Amino acid sequence: MRAVVVPVPGGPEALTVTELPDLEPGPGEVVLEVTASAVNRADTLQRQGFYPPPPGASDVLGLECSGIVKSVGEGVTGWAVGDEACALLAGGGYAEQVAVPAGQLMWVPSGVSLVHAAALPEVACTVWSNVFMLAHLEPGETLLVHGGAGGIGTFAIQAAHALGARVFTTAGTPEKRAFCESLGAERAIDYREEDFVQILREAGGADVILDVMGAKYLERNVKALATGGRLVTIGMQGGTRGELDLAALMGKRAAVFATTLRARPTEEKAAICSAVEEHVWPLVADGTIRPVIEAELDLDDVAKAHALMDAGEHTGKILLRM
C-alpha cells in the first residue's frame with residue numbers, strides 16, 4: 001500500500017509517499033480501504049518532529065479518514081466487509097489502508113459523500129467531547145470559539161448554534177468573519193483590531209471558551225469568562241507557558257481544562273465516537289451541520305496540502321484523496 005511518512009522532520013518537502021506492507025486486522029480491529037483523509041494541525045507538528053504518535057500508533061500521518069471495510073478482526077461485531085465508514089485515528093490515515101479499533105469507526109452520516117466524510121471525525125469528536133461532554137455547554141449559554149474559520153471552529157460554530165447557544169468567534173479576515181457569521185456566529189471578532197475580552201464582557205461573558213492558542217490567550221481568556229465559566233484549551237499555537245491569575249479565576253468560580261484527543265485510551269475514544277453518532281450525526285444528516293471543505297488534493301500532492309495548512313489562509317478542512 002502507498003502511505004505518507006516523514007523520514008527526517010522538516011517542512012512540507014519532508015513528506016514522502018512510500019510503499020508499505022498491506023495490513024491485517026488484529027483482534028478488535030477493522031482494516032479500512034481508505035477513500036480520503038484530512039490534514040490537521042497536529043499532522044504539521046508531527047511532520048516537524050514536535051508531536052510524535054502515541055506508543056503503539058502508526059508512524060504514518062493522519063488522524064481521521066473515510067473508507068470501505070476491507071477486513072474484520074477477531075471479536076468485531078457490527079461491521080462487515082464492504083461497509084462504508086469514517087474513523088477517528090491515532091495515526092495512519094495518509095495511506096491506502098489503515099487498521100482501526102472497531103469502537104473508533106462511525107457510520108457515514110446520511111447525505112454526506114464518502115470523500116467528504118473524511119472531514120468529520122476529528123472535528124466532531126473534538127468539539128463534542130470538549131464543548132459538550134466536558135464543558136457542558138447548555139442552550140442559552142455563550143460560547144467563544146477562537147479560530148472560527150478553521151476545521152474545528154467551523155464545526156463548533158454550527159454545532160453550538162444548532163443546539164441553542166450564542167456563539168462568538170475570532171477570525172482574521174473580513175471574508176472569514178462573514179463566513180463564520182453565515183454559519184451561525186452572532187459576532188465574528190477581528191482579533192487583530194478588536195478586543196475580544198471587552199466584546200464578550202459586554203455580552204455578559206463567555207460561559208465556555210474553546211481555545212486553540214494556549215499561553216498567548218490564557219490571561220485574556222480568563223478575563224472574558226462569565227461567572228462559572230469554563231475555559232477549554234485544546235491547542236498551543238500561541239505557546240505552552242502562560243501566567244494564570246488564580247484570584248481572577250477563583251473570583252469567577254471558573255474552571256480551566258486542557259485536553260488532547262489523540263493519546264486517550266481506546267475505550268474513551270470509543271465512548272466519544274458513540275456519543276457523536278448519537279447526538280451529532282442526526283444534525284449532519286438533516287443538513288443543520290455540514291462539513292466545510294477548502295480543498296481536495298490527491299495523496300501525491302500531500303506537500304501542497306501541508307503548505308496550504310501552514311499558510312493559515314484556508315477555511316474549513318483540507319482533504320487528501322487516495
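Two strands are said to pair if DSSP finds at least two bridges between them. The exercises below use this definition and others on a predicted model.

**Exercise 1. Find which strands pair with β3, and in which sense they run.**

Solution. Begin with strand β6 (residues 97–101), which is joined to β3 by five bridges and runs antiparallel to it; within this pairing, valine 30 has valine 100 of β6 as its bridge partner. Next, take strand β4 (residues 64–72), where seven bridges connect it with β3, again in the antiparallel sense, and where serine 71 is the bridge partner of valine 31. Then turn to strand β15 (residues 317–321), which is antiparallel to β3 and joined to it by four bridges, with arginine 321 of β15 as the bridge partner of alanine 36. As a last step, consider how covered β3 itself is: this strand spans residues 29–39, and eight of its 11 residues are buried, so that the strand is mostly covered.

**Exercise 2. Decide whether tyrosine 94 is buried or exposed, and place it in the chain.**

Solution. First locate the residue, which sits in the loop between β5 (84–88) and β6. Then apply the cut-off, by which a residue is buried under 20% relative accessible area; tyrosine 94 has 0% relative accessibility and therefore counts as buried. Finally, look at a residue far away in sequence: valine 4 is 90 residues apart from tyrosine 94 along the chain, yet their C-alpha atoms are separated by 5.6 Å.

**Exercise 3. Work out which residues of helix α4 are buried, and why they can be said to line one face.**

Solution. Start by listing the buried residues of α4 (residues 174–183), which are Lys176, Arg177, Cys180 and Leu183. Viewed down the helix axis, these buried residues fall within an arc of 120°, and therefore they line one face of α4. Now turn to the other side of the helix, where Pro174, Glu175 and Ser182 are exposed. The next step is to ask what covers the buried residues, and here the elements include α3 (151–162), β9 (166–171) and β10 (187–190). Just after α4 comes glycine 184, which takes a positive phi of about 130°.

**Exercise 4. Describe the largest nonpolar core and the surroundings of tryptophan 281.**

Solution. The largest nonpolar core holds 45 residues, and of these Phe155, Val276 and Trp281 touch the most other members. Helix α2 (residues 121–134) supplies the largest share of this core, namely seven residues. Take tryptophan 281 and leave aside its neighbours within four places in sequence: what remains in contact with it is Cys86, Met106, Trp107, Pro109, Leu120, Ala124 and Val276. Apart from this core lies another, of 20 residues, which includes Ile189, Leu218, Ala224 and Leu231.

**Exercise 5. Judge how compact the chain is as a whole.**

Solution. Begin with the elements, since the chain contains 10 helices and 15 strands. The radius of gyration of the chain is 19 Å, which is close to the 20 Å that the globule rule gives for 322 residues, and so the chain is as compact as a globular protein of that length. Then add the extent of the C-alpha trace, which spans about 55 × 40 × 35 Å along its principal axes. Of the 322 residues, 54% count as buried. Lastly, consider contacts between residues at least 6 apart in sequence, among which 67% join residues at least 24 apart.

Conventions:
Residues are numbered from 1 along each chain as its sequence is written. This is a predicted model: local features need pLDDT of at least 70, side-chain atom pairs count only at pLDDT 80 or more; totals for chains, interfaces and linings use all residues. Side-chain values use heavy atoms; hydrogens and water are left out. Buried means under 20% relative accessible area, exposed over 50%, partly exposed in between (1.4 Å probe, protein chains only). Helices (H or I, at least four residues) and strands (E, at least two) are DSSP runs, numbered from the N terminus. The arc is that of the directions from the helix axis to the C-beta atoms. Contact means heavy atoms within 4.5 Å. A nonpolar core is a set of buried Ala, Val, Leu, Ile, Met, Phe, Trp, Tyr and Cys residues joined through side-chain atoms within 4.5 Å. The radius of gyration is taken over C-alpha atoms; the globule rule is 2.2 Å times the number of residues to the power 0.38.
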